[in-house]
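Grab a pencil and have a look at the molecule below. The exercises that follow each come with a worked solution, so try each task before reading on.

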Amino acid sequence: YLPVGLPVLKEAFDSIAKGEIFSEFLLMGIATLGAFAIGEYPEAVAVMLFYAVGEVFQTLAVSRAKTNIKALLDQRPDEVTVLENNQATIRKAETVAIGSIIQLKAGEKLALDGELLSATASFNTAALTGESKPDTKTQGEVVLAGMINLNVVAQIKVTTAYTDSKLSKILELVQNASAQKAPTELFIRKFAKIYTPVVVALAVAICVTPYFFVDTYVFIESLYRALVFLVISCPCALVISIPLGYFGGIGAASKNGILFKGSN
């Protein structure tokens, strides 16, 4: 019980410390500790074990979604060709300073945002805009990380640091899209704040009320029924599945080349 139960009990105490007394963690904690009190040890362990397994699958799903998003967007080359005193030097893209001149050969992907110094060059901008038609840029125009040079060797003056490029910002925006709560998720969270205390109150009523109406009242049996009610009424499925569903959807769409900047 300890390996699978302690993390849940810790979450329950943390929620109480934050003022969220009635949480799904508290319900599972009460139910499993109650199961121990009446000697139903396997059931106490099973509840926590199933929850722990569900958490593992959730973590895997989120990790895979993030990987899909990053694989779609973060395809910038790690190295660039920097021109210094008419000499070409290969450098790590993140170490290149603003103002440096880089050389981009035909077929190469741009790693940094910059200003085109060459007279003209044609770029594939599909990674940023989804537009398959080549975009011809002229001297002085802005070119962005993720664009692919299609024809001539071009020279570009770096105007933005590697971590501040437009592609980096898009990547960060999409990865954090799940932080923008969808209306359904906001409703479920509000619903859970009302639903959970009601479930606790009903569980207490299931345990205590029969005492006043049944001559053969057995406390252990009533407590067992109340604990079963707590487990099956736990809002974990609602609270966890809704945001996970949206995040999983964003990740699956990214795998198919579709980007969402939010779930609302």
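Let's start with a rule: rings of Phe, Tyr and Trp (its six-membered ring) pair if their centres lie within 6.5 Å, and planes over 60 degrees apart count as edge-to-face. Keep in mind that this is a predicted model.

**Exercise 1. Apply the ring rule: how many aromatic pairs are there, and what kind of pair do Phe25 and Tyr51 make?**

Step 1. Go through the rings with the rule, and you end up with five aromatic pairs.

Step 2. Now take Phe25 and Tyr51: their ring centres are 6.2 Å apart and their planes stand at 85°, so this pair is edge-to-face.

Step 3. Find the two partners on the chain. Phe25 sits in helix H2 and Tyr51 in helix H3, 26 residues apart, so the pair links distant parts of the chain.

Step 4. Check the surroundings, remembering that buried means under 20% relative accessible area. Phe25 has 13%, so Phe25 is buried. Tyr51 has 14%, so Tyr51 is buried too.

Step 5. Try another pair, Tyr211 and Phe212. With centres 5.3 Å apart and planes at 85°, this one is also edge-to-face, because the angle is over 60 degrees. Here both residues are exposed.

Step 6. Finish with a cluster: Tyr1, Phe36 and Tyr41 are linked by ring pairs.

**Exercise 2. Find the largest nonpolar core: which residues have the most contacts inside it?**

Step 1. This core has 21 residues, and the ones to pick out are Val8, Phe25, Leu27, Met28, Met48 and Leu230.

Step 2. See where the core gets its residues. Helices H1 (2-17), H2 (24-37), H3 (41-73), H6 (183-208) and H7 (219-233) each give two or more.

Step 3. Look for another core apart from this one. There is one of 19 residues, including Val82, Ala93, Phe123 and Ala154.

Step 4. Here's the general idea: in soluble globular proteins, nonpolar side chains tend to be buried together.

**Exercise 3. Work out how H1 is arranged: where do its buried residues lie around the axis?**

Step 1. Get the helix's length first. H1 has 16 residues and reaches 21 Å from first C-alpha to last, close to the 22 Å expected at 1.5 Å a residue.

Step 2. List its buried residues: Val4, Gly5, Val8, Leu9, Ala12 and Ser15. They cover an arc of only 115° around the axis, so they sit on the same side of H1.

Step 3. Turn to the face pointing away from that buried side. You'll find the exposed residues Leu2, Pro3, Lys10, Phe13 and Ala17 there.

Step 4. Go just past the end of H1, where Gly19 has a positive phi of about 95°.

**Exercise 4. Trace the open sheet: in what order do its six strands come, and which strands are at the edges?**

Step 1. Read off the order, S2-S1-S3-S9-S4-S7, with antiparallel pairing. The edges are S2 and S7 (142-143), each pairing on one side only.

Step 2. Zoom in on S1 (residues 79-84) and S2, which pair antiparallel over six bridges. Glu79 is opposite Lys92 in S2.

Step 3. Follow the chain between these strands. They make a hairpin with two residues in between, and Asn85 in the turn has a positive phi of about 55°.

Step 4. Move to S3 (residues 101-104), joined to S1 by three bridges in the antiparallel sense. Leu83 has Ile101 in S3 as its bridge partner.

Step 5. Check how covered S2 (residues 87-92) is: hardly, with zero buried residues among its six.

Notes: Residues are numbered from 1 along each chain as its sequence is written. This is a predicted model: local features need pLDDT of at least 70, side-chain atom pairs count only at pLDDT 80 or more; totals for chains, interfaces and linings use all residues. Side-chain values use heavy atoms; hydrogens and water are left out. A nonpolar core is a set of buried Ala, Val, Leu, Ile, Met, Phe, Trp, Tyr and Cys residues joined through side-chain atoms within 4.5 Å. Buried means under 20% relative accessible area, exposed over 50%, partly exposed in between (1.4 Å probe, protein chains only). Helices (H or I, at least four residues) and strands (E, at least two) are DSSP runs, numbered from the N terminus. The expected span of a helix is 1.5 Å times one less than its number of residues. The arc is that of the directions from the helix axis to the C-beta atoms. Two strands pair if DSSP finds at least two bridges between them. Rings of Phe, Tyr and Trp (its six-membered ring) pair if their centres lie within 6.5 Å; planes under 30 degrees apart count as stacked, over 60 as edge-to-face and the rest as tilted.
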